[in-house]
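Take a moment to turn the model around before reading on. We will walk through one sheet and the helices beside it, step by step.

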Amino acid sequence: MRVDERFLRYVSYWTTSEEDKDIIPSSERQFALAKVLEQELNDFGLEKVTLTEHCYVYGLLPATPGFEEKRAVGFISHMDTAPDFSGKDVKPQIISDYNGEDILLKGSNTYLTVKDFPHLKTLKGRTLITTDGTTLLGADDKAGIAEIMTAVEEIIKSAVPHGDIWIGFTPDEEVGAGADLFDLDYFRADFAYTLDGDYEGEVAYENFNAASAVFSIKGVNVHPGEAKNIMVNAAFIACEIQSLLPPEETPAHTENREGFFHLTDMQGDVSAATLSYIVRDHDKANFEMRLEKLRSLEKEVNRKYGEGTVTLTIHHSYSNMLEIIEKNQYVVDIAKKAIETVGLTPLSRPVRGGTDGARLSFMGLPCPNLGTGGYGFHGPYEHVSIEAMNTAIEIIKEIIKITANM
């Protein structure tokens with residue numbers, strides 16, 4: 001089956017994960033795609049194929065006889081799509097011989113523009129798959145799944161010698177839980193790659209250090225006519241806290257390795273209010289300074305309004321995998337060699353986010369992230385080219401060949 005056929009099949013499944021759920025998977029709907037992938041792996045003849053009760057799919061393509069002692073490599077993608085935008089009833093548009101100009105998204109009568117996505121000019125002449133403007137596409141990360149599955153099928157058919165190849169598909173990556181229950185006692189790869197990036201030829205091994213932070217504010221509500229020296233307005237204090245953070249250090253004003261404070265949600269009234277943030281920075285020292293800034297605000301506001309007025313809760317999300325990859329540079333070298341072999345110049349940029357691979361790296365499985373050829377993730381402007389997906393397949397196959405010859 002061609003990669004585009006697989007991809008179009010996978011995006012027809014509604015697999016949106018759900019935030020603020022304490023179960024994995026966060027949505028039962030993810031099992032529908034998981035069962036399809038389990039069956040495909042079985043149809044390929046892989047061993048140790050399993051679908052767990054928590055919606056993780058694993059499979060092993062055993063080593064070619066004589067290659068059993070070679071390092072085992074893994075390839076991983078996630079099945080869920082982001083809750084930021086609808087992933088239900090996806091209606092892809094297929095554009096053959098793309099002309100390099102703005103694209104009408106017919107379902108919403110909006111345009112995917114070259115102004116907003118300048119790289120579109122480089123895709124002229126290719127076959128593009130876009131949304132119709134009413135949903136996201138699901139290339140994040142069903143393009144990665146389709147590329148892995150197609151590469152495995154082609155490796156089997158071509159009889160290319162190889163060591164053990166492990167395949168893993170995770171739920172709930174988009175809500176930060178994809179690696180939570182990943183079973184490294186079962187998935188016995190020595191190293192792996194997530195297929196969850198964008199640009200063709202990308203191998204990413206730097207990501208944010210990340211945490212969530214919530215200010216919970218207690219107010220005192222009395223009649224405003226009798227409020228002097230009594231009222232403590234929680235909503236007002238919430239605004240004050242936000243005003244004390246640097247306005248230039250937000251996602252809208254930062255790029256590359258620059259970190260930020262991102263106010264994701266605020267709610268409340270005079271009696272009680274909350275501010276929810278995500279905190280990000282590539283540099284570990286700067287990241288810790290950001291967290292300390294929030295702690296100092298908690299103390300400052302409590303000194304001003306009374307102890308217990310504000311409570312800050314910080315939860316660590318993930319760390320920069322660079323710390324691990326620097327000790328296992330070979331995993332990046334293999335990927336770069338494979339990318340060069342297919343005629344591209346390897347691209348390594350700091351990821352302004354996180355991947356399952358970051359978490360897995362700290363769990364003991366070095367796991368950089370490879371590009372899938374998709375762009376505009378998490379919204380109606382998501383798109384991918386068939387040619388880019390085919391390139392990703394070739395990179396996977398080259399990684400397998402290189403590993404077999406190490």
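Let's begin with the labels: helices (H or I, at least four residues) and strands (E, at least two) are DSSP runs, numbered from the N terminus. Keep in mind that what you see is a predicted model.

**The sheet**

Four strands make up an open sheet, and reading across it gives the order β12-β13-β11-β14, with antiparallel pairing. Which strands stand at the edges? They are β12 (260-268) and β14 (310-318); each has a single partner strand, so one side of each is left without a neighbour in the sheet. From one strand to the next, the twist averages 15°.

Now look at β12 and β13. They form a hairpin with three residues between them, and they pair in the antiparallel sense over eight bridges. Within this pair, Phe260 stands opposite Arg280 in β13. How well covered is β13? Seven of its ten residues are buried, so we can call it mostly covered; buried here means under 20% relative accessible area.

Strand β13 (residues 272-281) also runs antiparallel to β11 (residues 209-218), and Ten bridges join the two. You can find Ser212 opposite Ile278 in β13, while the bridge partner of Ala211 in β13 is Val279.

**Helices on the sheet**

Next, add the helices. Helix α4 packs on the sheet and touches β11, β12, β13 and β14. Helix α5 packs on the sheet as well, touching β11, β12, β13 and β14. The table gives a direction for each.

| Helix | Residues | Strand compared | Angle between directions |
|---|---|---|---|
| α4 | residues 234-243 | β13 | about 20° |
| α5 | residues 284-305 | β14 | about 165° |

**A closer look at α5**

Does the length of α5 make sense? Here is a check you can follow: at 1.5 Å a residue, its 22 residues should span 32 Å, and the end C-alpha atoms are 32 Å apart, which agrees. The expected span uses one less than the number of residues.

Which residues of α5 are buried? They are Phe287, Arg290, Leu291, Leu294, Leu297, Glu298, Val301 and Asn302. These residues cover an arc of only 125° around the axis, which puts them on the same side of α5. They pack against β11, α4, β12, β13 and β14. On the face turned away from that buried side you will find the exposed residues Met289, Arg303 and Lys304.

Both ends of α5 are worth a look. At the N-terminal end, Asp283 acts as a cap: one of its side-chain oxygens lies 3.1 Å from the backbone nitrogen of Ala285. Just after α5 comes Gly306, with a positive phi of about 115°.

**Asn302**

Let's finish with one residue of helix α5, Asn302. Is Asn302 buried or exposed? Its relative accessibility is 5%, so Asn302 counts as buried, since the cut-off for buried is under 20%. Its side chain reaches the backbone nitrogen of Thr309 at 3.1 Å. Setting aside its neighbours within four places in sequence, Asn302 is in contact with Glu307, Gly308, Thr309 and Val310.

Note on methods: Residues numbered from 1 in each chain as written. Predicted model: local features only at pLDDT ≥ 70, side-chain atom pairs only at ≥ 80, totals over all residues. Heavy atoms only, no water. Pairing = 2+ DSSP bridges. Axes fitted to C-alpha atoms, helices over the stretch in contact; angles between N-to-C directions. Contact = heavy atoms within 4.5 Å. Buried < 20%, exposed > 50% of the residue type's maximum accessible area, 1.4 Å probe, protein only. Arc of directions from axis to C-beta. Polar contact = N/O pair within 3.5 Å; in protein donor to acceptor, adjacent residues only side chain to side chain.
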